[in-house]
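Please open the structure in a viewer and keep the sequence at hand. The tour below proposes a series of selections and describes what is found at each one.

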Amino acid sequence: TESTIRIGYSEEPKQNKRLCDKLISVLCVLAIIVSIVMIVIGSLHAVPLHKSRNESGCPGEKMLPWYLIIGGILTIVLVAGRFITMAMVERCRRKGDGDVKEVGCNFCRVSCLSLYDIFALVCTTIWLIAGTKFLLG
């Protein structure tokens, strides 16, 4: 018989991977729902930026509704990008005959999704800093 030694590699059970993917999908859908609520609330109070604070729909800060609208759109775009990245990586893994590829493709999946998540976190953090600047002057 032929034996193969794989050092430092253990294959993740398919049930755990599917559960993780389902959990991430549910969290992404929740993020989209919250983003839609942000856009709706911002849209209810948004007015053109050239109007004074007294004429704006938001009594506290006229930029707050715009912050909610743009933040909601940014979140939807980032979640859609996450779904697209997941689909592209999965397509790459199943290239050809439908069999799942070996260690290299799993490493690619983890690294691509991790890099995208870091990018999304940086974008969200920058938007949070911009919102803090809008509100606190």
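The tour proceeds from the whole chain to single residues, then to the aromatic pairs and a pocket.

**The whole chain**

Begin with the entire protein chain, bearing in mind that this is a predicted model. A cartoon representation displays 3 helices and 0 strands, in the order α-α-α along the sequence. To follow the tour, colour helix 1 (14–45) and helix 3 (103–136) separately, and give helix 2 (residues 64–93) a colour of its own.

Switch next to a surface representation. The chain exposes about 10,000 Å², and carbon and sulfur atoms supply 69% of that area. Of its 137 residues, 22% count as buried. Among contacts with a separation of 6 or more, 63% are made by residues 24 or more positions apart.

**Helix 1 against helix 2**

Select S35, which is placed in helix 1. Is S35 buried or exposed? With a relative accessibility of 1%, S35 counts as buried, because the limit for that class is under 20%. Extend the selection to G72, T75 and I76: these are the residues that S35 contacts once neighbours within four places in sequence are left aside.

Move to L68 in helix 2. L68 has a relative accessible area of 22% and is therefore partly exposed. Beyond residues up to four places away in sequence, L68 touches M38, I39, I41 and G42. Now add G131 to the selection: the C-alpha atoms of L68 and G131 lie 9.1 Å apart, although 63 residues separate them in sequence.

H45, also to be selected here, belongs to helix 1 and is partly exposed at 36% relative accessible area. A distance drawn from the C-alpha of H45 to that of W66 reads 8.8 Å, across 21 residues of sequence.

**The aromatic pairs**

Display the aromatic side chains as sticks. How many aromatic pairs does the whole structure contain? A search finds 2.

For the first stop, select Y67 and W127. Their rings are stacked, with 5.2 Å from centre to centre and 10° between the planes. The pair connects distant parts of the chain, since Y67 is in helix 2 and W127 in helix 3, 60 residues apart. Both partners count as buried: Y67 has a relative accessibility of 18%, and W127 has one of 19%.

For the other pair, select Y116 and F119. The ring centres are 6.1 Å apart and the planes meet at 50°, so this pair is tilted. Both residues lie in helix 3, with their positions 3 residues apart, about one turn of the helix. Y116 counts as buried at 16% relative accessibility, whereas F119 counts as partly exposed at 48%.

**Two further residues of helix 2**

Keep W127 in view and add I70, a residue of helix 2. I70 and W127 have their C-alpha atoms 9.1 Å apart, with their positions 57 residues apart along the chain. I70 is partly exposed, at a relative accessible area of 40%.

Then keep Y116 in view and select T85, which is likewise found in helix 2. What does T85 touch, apart from residues up to four places away in sequence? T85 touches L113 and Y116. T85 is buried, with a relative accessible area of 18%.

**The second largest pocket**

Finish at the second largest pocket, which has a volume of about 210 Å³. To outline this pocket, select C28, A31, T75, L78, V79, R82, Y116, D117, A120, L121 and T124. Helix 1, helix 2 and helix 3 each give two or more residues to this lining, and the largest share, 5 residues, comes from helix 3.

Colouring the lining by residue class gives 7 nonpolar, 2 polar and 2 charged residues. Two lining residues have already appeared on the tour: T75 and Y116 both belong to the lining. T75 is one of the residues in contact with S35, and Y116 is touched by T85 and forms the tilted pair with F119.

Conventions: Residues numbered from 1 in each chain as written. Predicted model: local features only at pLDDT ≥ 70, side-chain atom pairs only at ≥ 80, totals over all residues. Heavy atoms only, no water. Helix = DSSP H or I, 4+ residues; strand = E, 2+ residues; numbered from the N terminus. Buried < 20%, exposed > 50% of the residue type's maximum accessible area, 1.4 Å probe, protein only. Contact = heavy atoms within 4.5 Å. Areas by Shrake-Rupley, 256 points an atom, 1.4 Å probe, with all protein chains shown as cover. 1 Å grid on protein atoms, 1.4 Å probe; cavity = no way out; pocket = protein on both sides within 12 Å on 5 of 7 lines; lining within 4 Å. Points joined across faces, edges and corners; volume = space filled by probe spheres on them. Nonpolar A, V, L, I, M, F, W, Y, C, P; charged D, E, K, R; others polar. Phe/Tyr/Trp six-rings, centres within 6.5 Å; stacked < 30°, edge-to-face > 60°.
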